[in-house]
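The following exercises concern burial along a helix and contacts between charged side chains. Each task is followed by a worked solution.

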Amino acid sequence: MTTMTRRTVITAGAAMAGVALHPTPLIAGDAAAAGEADSGTRTRMRLNVNGRLHEVDLDRRTTVLDALREELLLTGTKKGCDQGQCGACTVHIRGERVLACLTLAVAVQGQRIDTIESLSPPDGPLHPMQQAFIDQDAFQCGYCTPGQIMSALGCVKEGQAVSDDAIRESMSGNLCRCAAYPKIVAAIKQARGPLRTA
Ligand code: FES
Ligand code: FES
């Protein structure tokens, strides 16, 4: 029987139940429509995930989210709505926060994709943002947490973590059904100092 620890939740997200308006290189819905004429077409792709190159054979309509979870078995990135409304699938592509459920894998070949798994080694120290989420008790079920953490890093990096209101605005695309919002703001405020000086 697997023991679920708070570290498990923070590093890979809970295996339990979880809106961001981040830029997306190519909208999955557009390509799904475009792909109607040649459904089932598979393409060899090279995906650069967490510093490793992966050669994969995927349908051209496969989203980054499905490629991560189903092909590369990186299940820390969560599928909530699968239509760009909850933020659970937030990853970084070329250092920018992006919704993986709205981004086609074929469109980001070779571009650096970073997921929650990139933040800390399995037995190593947690990333300051991960530690802050634990210290501030910033989650309950944990399903939204990987997306919240990846988005929180974007919030700090973009210089938007300057006030509670600014953090809330910057994080407004990431929904939390457990309503941990006040503690998420507290976690970002805890982590922003160490991250700015890193
Ligand atoms: S925005 Fe909800 S899963 Fe992508
Ligand atoms: S959805 Fe449960 S902690 Fe956010």
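A residue counts as buried when its relative accessible area is under 20%, as exposed when that area is over 50%, and as partly exposed in between. The coordinates are those of a predicted model.

**Exercise 1.** Identify the buried residues of helix α4 and determine how they are arranged about its axis.

*Solution.* Step 1: helix α4 spans residues 128–135, and its buried residues are Met129, Gln130, Ala132 and Phe133. Step 2: viewed down the axis of α4, these buried residues fall within an arc of 160°, so they line one face of the helix. Step 3: as background, an α-helix has 3.6 residues a turn, so residues three or four places apart point the same way.

**Exercise 2.** State which residue just after α4 takes a positive phi.

*Solution.* The residue is Asp137, with a phi of about 55°.

**Exercise 3.** Classify the partners of the salt bridge between Arg61 and Asp59 as buried, partly exposed or exposed.

*Solution.* Step 1: the two side chains meet at 2.9 Å, N to O. Step 2: Arg61 has 31% relative accessibility and therefore counts as partly exposed. Step 3: Asp59, at 14%, counts as buried.

**Exercise 4.** Repeat the classification for the salt bridge between Lys79 and Asp82, then find the network to which Arg46 and Glu55 belong.

*Solution.* Step 1: the side chains of Lys79 and Asp82 meet at 3.6 Å, N to O. Step 2: Lys79 is partly exposed at 27%, and Asp82 is partly exposed at 34%. Step 3: salt bridges with shared partners join Arg44, Arg46 and Glu55 into one network. Step 4: within this network, Arg46 and Glu55 meet at 3.0 Å, N to O. Arg46 is partly exposed at 44% relative accessibility, and Glu55 is partly exposed at 44%.

Definitions and conventions: Residues numbered from 1 in each chain as written. Chains lettered and ligands numbered in written order. Predicted model: local features only at pLDDT ≥ 70, side-chain atom pairs only at ≥ 80, totals over all residues. Heavy atoms only, no water. Buried < 20%, exposed > 50% of the residue type's maximum accessible area, 1.4 Å probe, protein only. Helix = DSSP H or I, 4+ residues; strand = E, 2+ residues; numbered from the N terminus. Arc of directions from axis to C-beta. Salt bridge = Lys/Arg side-chain N within 4 Å of Asp/Glu carboxyl O.
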